[in-house]
Each structure stands twice: as structure tokens, then as C-alpha cells.
Amino acid sequence: MGTGNTVWGGVYPAPICPMNEDQSIDHPTLERYSAWLASHPGVSGLVVNGNAGEVTLLSDEEALDVVRTTRAAVPRSVRVVTGIVADSTVEAVREALDAVEAARQRPPELGLREQHRGVCVGEHTGQHRAA
């Protein structure tokens, strides 16, 4: 892609993952926080499950829950990009595919490892691509 590419233009905040006192994800706060961030002019997407989002402390299912909750909270025009933490390429691909599927699902009811790459999920085109 050449210069002037608007596909990845704009601002992509990396929100923290709000937690309850019992260390579970605070989904109502995550939903409100994500919607608030996405409401700001110039925000094109949110980057979840990165270092700021406590991804290394979340289980695989919790990380997917963050994707589900965030995707449900923001307009389809706002991308949700998730970090992938994996020890192998096979595991990274599995996590990326799981994240794409999670972006299509309803949100849940109310040791550091190398971070490989993110995947853009739930785009308005319905497609995904490695970041």
C-alpha cells in the first residue's frame, strides 16, 4: 500500500482493562470506557489486549471476552484490534482466528511472553487482516 493510505488512518487508543476487586474483568465499565473512547473525533479503532490491557494476566477466554465486549460497545466503523500473545506461530494463528470469531459473538453477560502481532477484527467489511 502506498502513501496516503486511509485504511489505518486516525487514532487507535490502547485502553486499560478495567478489573473488579476479585480480578475478574469489569465488563460494564469496559463497555462504557470503550464507547467513550470511540466517541472522540479522530478515533478510528481501539487496540485491546495489549500491554496496557493486562493481556499477559488474562486467560485466553478472558482476552476473547475483552474483544467481544469492546466490539459490541463501539460502532462498526471503529476497528477493534487485539494483541496476540503466543509462544509459537501455530498458537498465534489460532488466537487470531479465535479473536475474529469472538468479534462476531455477543459479549459475556454481565510471566510475560513475547507479543507477536495484532489482528484487526470486526471491521465493517467483515474481513480481517494481520496488522
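Helices and strands are runs of residues assigned by DSSP, with at least four residues for a helix and at least two for a strand, and they are numbered from the N terminus.

**Figure 1. Meet the whole chain, shown as a predicted model.** The protein chain holds 3 helices and 4 strands. If you start at the N terminus and walk along, the elements come in the order α-β-α-β-α-β-β. The chain has 131 residues, and 42% of them count as buried. About 7400 Å² of the protein chain is exposed, with carbon and sulfur atoms supplying 54% of that area.

**Figure 2. A look into the largest pocket.** The volume of this pocket is about 180 Å³. Which residues lie nearest its centre? They are V55, D60, A63, G83 and E95, out of 18 residues that line the pocket. Two helices to look for here are α2 (60-73) and α3 (89-103), each of which supplies at least two residues of the lining. Sorted by character, the lining has 8 nonpolar, 5 polar and 5 charged residues.

**Figure 3. Two rings in helix α1, Y33 and W36.** The count of aromatic pairs comes to 1. The ring centres of Y33 and W36 are 6.5 Å apart and the planes meet at 15°, so this pair is stacked; planes under 30 degrees apart count that way. Both residues sit in helix α1 (residues 27-38), 3 residues apart, which means about one helical turn separates them. Y33 is partly exposed, with a relative accessible area of 27%.

**Figure 4. R68 and its two salt-bridge partners, E61 and D65.** A search of the whole structure finds 5 salt bridges, and this view shows R68 taking part in two of them. With E61, the closest N and O atoms are 2.9 Å apart. With D65, the N to O distance is 2.5 Å. R68 and D65 are 3 residues apart in helix α2, so about one helical turn lies between them. Are these two residues buried or exposed? Both R68 and D65 are buried; for R68 the relative accessible area is 8%. E61, on the other hand, is partly exposed at 44%.

**Figure 5. A salt bridge in helix α3, between D98 and R94.** The side chains of D98 and R94 meet at 3.1 Å, N to O. These residues are 4 apart in helix α3, so about one helical turn separates them. D98 counts as partly exposed at 29% relative accessibility, and R94 is partly exposed too, at 36%. Salt bridges that share partners join D60, R94, E95 and D98 into one network. You have already met D60 and E95, among the residues nearest the centre of the largest pocket.

Notes
Residues are numbered from 1 along each chain as its sequence is written. This is a predicted model: local features need pLDDT of at least 70, side-chain atom pairs count only at pLDDT 80 or more; totals for chains, interfaces and linings use all residues. Side-chain values use heavy atoms; hydrogens and water are left out. On a 1 Å grid over the protein atoms alone, a cavity is a set of points where a 1.4 Å probe fits but cannot get out, and a pocket is an open set with protein on both sides within 12 Å along at least five of seven lines; lining residues have an atom within 4 Å of a point. Grid points are joined across faces, edges and corners, and a volume is the space filled by probe spheres set on the points. Ala, Val, Leu, Ile, Met, Phe, Trp, Tyr, Cys and Pro count as nonpolar, Asp, Glu, Lys and Arg as charged, and the others, Gly among them, as polar. Rings of Phe, Tyr and Trp (its six-membered ring) pair if their centres lie within 6.5 Å; planes under 30 degrees apart count as stacked, over 60 as edge-to-face and the rest as tilted. Buried means under 20% relative accessible area, exposed over 50%, partly exposed in between (1.4 Å probe, protein chains only). Accessible areas come from the Shrake-Rupley method with a 1.4 Å probe; for residues, only the protein chains shown count as cover. A salt bridge is a side-chain nitrogen of Lys or Arg within 4 Å of a carboxyl oxygen of Asp or Glu.
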